[in-house]
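Student: I'd like to walk through this protein with you, one question at a time. Can we put it up on the screen and start?

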Amino acid sequence: MIALAVPGRIWPAGETCRALCLIHQSACQGQNLYLPTYFKESRTEVMHTLMRARPLAALVTLSDTGLIANHMPVETLPEPLPHGMLRGHIARANPLWRTYRADSEALAIFQGPQAYISPSFYSTKQETGEVVPTWDYAVVHARGTLRFVQDSAWLRALVSRLTDAHEASRQMPWKIDDAPPPYIEKMLSLIVGFEFSIASLTGKWKLSQNHPAANRQGVVKGLRDAGGAESLEVAEMLSSLEDERQDEPHD
């Protein structure tokens, strides 16, 4: 018997449809991600920028056996408006394309830069001592539906675009035509493509906005002093934010 976990209750197989309706209703009401207003990023172009910079998405779908998570690089397209589309591919041996429930909702999660925030960064540590550690990060959740594609020309064009995008910074970029054509045809036969039509985008930029300006400045300095690519990127994101939010209780 299949059981589906829903907050506060376990639904037996016979009530799965009802449970799925509740999950969908919860998502529509914005309950799928804890998102205080001061952490919310709603600009599509900003979210798309993160998605392109961090293209390895965690794709979560629901099958008859429960939740399934896969990780794959995708390309983010601006059309169709307002949220755009994702395209990618999976191994043909991956059961996702056979077990996915047609037209059911899928979730693609993009993890941006993240860094540990020490209480020592805050000026209020010296003033009151009432500070605790936290984590700053940026994430995007894309919700939508999947359509799978097996056309070889479509797949070749997708793989070429993905390859060109990720080889662009190399001194001698590898091209799909560098490999023997029969080998490429064989490789293409072993994958299945997909289009992810984005129905909604949710961005959470948790970057110490709920702290006073002096603490935020301390975080920027602390992260820059700590060094490392992730810490420096979070520091730059925080320093670029406009100082227009009121202080809020730390969550």
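Tutor: First a term we'll lean on: contact means heavy atoms within 4.5 Å. Also, this is a predicted model, where local features need pLDDT of at least 70, side-chain atom pairs count only at pLDDT 80 or more, and totals for chains, interfaces and linings use all residues. Residues are numbered from 1 along each chain as its sequence is written, and side-chain values use heavy atoms, with hydrogens and water left out.

Student: How many helices and strands are there in the protein?

Tutor: Helices here are DSSP runs of H or I with at least four residues, strands are runs of E with at least two, and both are numbered from the N terminus. On that basis, the protein has eight helices and ten strands.

Student: Which residues does I191 contact, leaving aside its neighbours within four places in sequence?

Tutor: Start with where I191 sits: in strand β10. R92 is 99 residues away from I191 in sequence, yet their C-alpha atoms are 4.5 Å apart. With those neighbours set aside, the contacts of I191 are H89, I90, A91, R92, L155 and V159.

Student: And is I191 buried or exposed?

Tutor: Buried means under 20% relative accessible area, exposed means over 50%, and partly exposed is in between (1.4 Å probe, protein chains only). I191 has a relative accessible area of 12%, so I191 is buried.

Student: At what angle do the axes of α5 and α6 cross?

Tutor: Two packed helices are described by the angle between their axes and the distance between the axes. The axes are lines fitted to C-alpha atoms over the stretch in contact, with angles from 0 to 180 degrees between N-to-C directions. For α5 (residues 152–167) and α6 (residues 181–188), the axes come within 10 Å and cross at roughly 105°.

Student: What does that make α5 relative to α6?

Tutor: Under 35 degrees counts as roughly parallel, over 145 as roughly antiparallel, 65 to 115 as roughly perpendicular and the rest as oblique. So α5 is, relative to α6, roughly perpendicular.

Student: Which residues of α5 and α6 make the contact?

Tutor: On the α6 side you'll find I184, E185 and L188. From α5 come S152, L155, R156 and V159.

Student: Which elements do the buried residues of α7 pack against?

Tutor: Helix α7 covers residues 213–226. Its buried residues are N215, R216, G218, V219, V220, G222 and L223. They pack against β8 (106–117), α4 (124–127), β9 (134–149) and α8 (229–240).

Student: Which residue follows α7 with a positive phi?

Tutor: The phi value is near 70°. The residue is G227.

Student: What is phi of S208, and where is that residue?

Tutor: S208 is in the loop between β10 (191–206) and α7. Its relative accessible area is 2%, so S208 is buried. This is a residue other than glycine with a positive phi, near 65°.

Student: Which peptide bonds are cis in the loop between β6 and β7?

Tutor: P80 is in the loop between β6 (75–77) and β7 (85–91), and P82 has its place there too. The bond from L81 to P82 is cis, with omega near 5°. Another cis bond, with omega about 0°, joins E79 and P80.

Student: Last one: where is T61, and is it buried or exposed?

Tutor: T61 belongs to strand β4 (residues 56–63). Its relative accessible area is 2%, so T61 is buried.

Key:
Expected span 1.5 Å × (residues − 1).
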